Structure formats: C-alpha cells, structure tokens
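Here's a quick tour for anyone meeting this structure for the first time. Take a look at it, then read on.

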Amino acid sequence: MPETIVSQEMGYLGNFPAAHLALDIKIFQDEIKGLISAGQVSYAADNVDGKTRQFLNGDNATIRGAETQIKYTPQKNTQVILSYAYTDINSSNYWIRYSTTAPANSLSLLAMQNLPGNLRGSLGYYQTDKVYYIGMVTKESAGAMKRLDLRLARPFRGGEIAVVAQNVL
C-alpha cells in the first residue's frame, strides 16, 4: 500500500489599507495513511545483534492545525510581521512516534526598518515548543527553542555588506 494524503484547508486573506494591516489565517487537516516506518524485528540469521530493520507502510497520522500571519506596515520604511502556528499530530505510533515530531506551537516576529544612510535593519525573534526527531531512540526532546537575530545591512551596486548577530539570546 503506498502512502496517501488527503489535505483540507480553509483560509481567510484580508487586506486593511486604512489600518496598514494584512491578515492571513488558515486552518487545516491532513490525513496520511500508509506512512513508511522502519522498525527492528528479530531475525536469527543476523550475526550482529539478532535483529534487522524492516520497512512497512504501517503508520497513519492526522495532522490538524492553524496558522496566522499579521503584517503591519505603519509607514513606507517599516514593516512588522507576526506569525503563529499550532500543530496537533495524532498518529498510530506503530514504530515511529509521529505525534511528537512537530512543535505544537511556533511563533515568529520579524521587524524591518529602512534607516538613514541607505541602511537596512531587521530583528527576528523565533520560538518553538520542543520536538522529538523521527528515529530518536531516547525520549529526550530536541528542546524548545528561543532565538533572536539582528541584522544591519547597506546595499551597494551589485550586492550588500551586512553585519549579522544570530542567536543573541
């Protein structure tokens, strides 16, 4: 049986020029059947550890969530974008715990400003809940993440020069 996916989504895109706002909202559901999973099964002919890896289309998952983005442009040289996503994965977890492989909540904030002297500045803040990578044997998570990036750039003909500070937190 091959992997199959049925996706549904409904969204709203609003533009409010008088308020300098744009809004994008989406809810979604993905039904995935026959996810390829790998598991270890006993196999006496294996001389190393008595186990071998077997691949099956044995897992199913339902992914539900919502995403939103608000873009605020108070003036021509300034833009602020706030994004948030919620994801819930319900899976059979036969061999792989798909239900923990995406952060339940993620948030980002990006502020961009054109400055005097032909400079461009930006600030990016990113935050996610903990996740477990597919194939992790332990129950330890990859951990929640909070990150702040700063950037100052000056374009010139044919390119730009930038100073970037990443993961300032």
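Let's begin with the overall build: the protein chain has zero helices and eight strands. Going along the sequence, that gives the pattern β-β-β-β-β-β-β-β. Keep in mind that this is a predicted model.

How much of the chain is tucked away? Of its 169 residues, 18% count as buried. The protein chain exposes about 11,600 Å², and carbon and sulfur atoms supply 56% of that area. As for how the chain meets itself, take the contacts with a separation of 6 or more: residues 24 or more positions apart account for 47% of them.

**The inside**

Which residues make up the largest nonpolar core? There are seven in all: Phe28, Ile32, Leu35, Ala61, Ile63, Ile89 and Tyr98. Two elements, β2 and β3 (51–75), give two or more residues each to this core, and β2 gives the most, with three.

Ala61 is a handy member to zoom in on. Setting aside neighbours within four places in sequence, Ala61 is in contact with Asp30, Glu31, Ile32, Leu35, Ile89, Asn90 and Ser91. Ile32, Leu35 and Ile89 on that list are also members of the core.

**The nonpolar surface**

Now for the outside. A nonpolar patch on the surface is formed by Ile70, Leu82, Tyr84, Tyr86, Leu107, Leu109, Leu123, Leu150 and Val168. Together they have about 660 Å² of accessible area. Both β4 (78–91) and β5 (105–115) supply at least two residues of the patch. Which strand gives the most? That's β4, with three residues.

One of the patch members, Leu107, sits in strand β5. Leu107 counts as partly exposed because its relative accessibility is 32%, and the partly exposed class runs between 20% and 50%.

**Strands side by side**

Strand β5 is a good place to see how strands line up here. β5 pairs with strand β6 (residues 119–128) in the antiparallel sense, over ten bridges. One of the residues in this pairing is Ser108, whose bridge partner in β6 is Tyr126. The two strands form a hairpin with three residues between them. In the turn you'll find Gly117, with a positive phi of about 80 degrees.

On to the next pairing: β6 is also joined to strand β7 (residues 145–156), by nine bridges, and these two run antiparallel as well. Here Tyr125 stands opposite Leu148 in β7.

Leu110 is another residue of strand β5. With a relative accessible area of 27%, Leu110 is partly exposed. Not counting residues up to four places away in sequence, Leu110 touches Gln79, Val80, Ile81, Ser122, Leu123 and Gly124. Leu123 has come up already, as a member of the nonpolar patch. Gln79 is worth a second look too: Leu110 and Gln79 are 31 residues apart in sequence, yet 8.1 Å apart in space, C-alpha to C-alpha.

**Off the strands**

Some residues outside the strands deserve a stop as well. Thr100 is found in the loop between β4 and β5. Is Thr100 buried or exposed? Thr100 counts as buried, because its relative accessibility is 17% and the cut-off for buried is under 20%. Leaving out residues up to four places away in sequence, Thr100 touches Val131 and Tyr132.

Then there's a matter of backbone angles. Most residues other than glycine have a negative phi. Against that background, have a look at His20 and Asn167. His20 lies in the loop between β1 (4–16) and β2 (21–42), while Asn167 is in the segment after β8 (159–165). Each is a residue other than glycine with a positive phi, and each counts as partly exposed. Their values are set out here:

| Residue | Phi | Relative accessible area |
|---|---|---|
| His20 | near 60 degrees | 40% |
| Asn167 | near 55 degrees | 44% |

**Looking back**

To pull the threads together, this predicted model has eight strands and zero helices. β2 gives the most residues to the largest nonpolar core, β4 gives the most to the nonpolar patch on the surface, and β6 pairs antiparallel with β5 and with β7.

Terms used: Residues are numbered from 1 along each chain as its sequence is written. This is a predicted model: local features need pLDDT of at least 70, side-chain atom pairs count only at pLDDT 80 or more; totals for chains, interfaces and linings use all residues. Side-chain values use heavy atoms; hydrogens and water are left out. Patches are made of residues with over 30% relative accessible area and no salt bridge: like charges are joined within 9 Å, nonpolar side chains (Val, Leu, Ile, Met, Phe, Trp, Tyr) within 5 Å. Accessible areas come from the Shrake-Rupley method with a 1.4 Å probe; for residues, only the protein chains shown count as cover. A salt bridge is a side-chain nitrogen of Lys or Arg within 4 Å of a carboxyl oxygen of Asp or Glu. Helices (H or I, at least four residues) and strands (E, at least two) are DSSP runs, numbered from the N terminus. Buried means under 20% relative accessible area, exposed over 50%, partly exposed in between (1.4 Å probe, protein chains only). Contact means heavy atoms within 4.5 Å. Two strands pair if DSSP finds at least two bridges between them. A nonpolar core is a set of buried Ala, Val, Leu, Ile, Met, Phe, Trp, Tyr and Cys residues joined through side-chain atoms within 4.5 Å.
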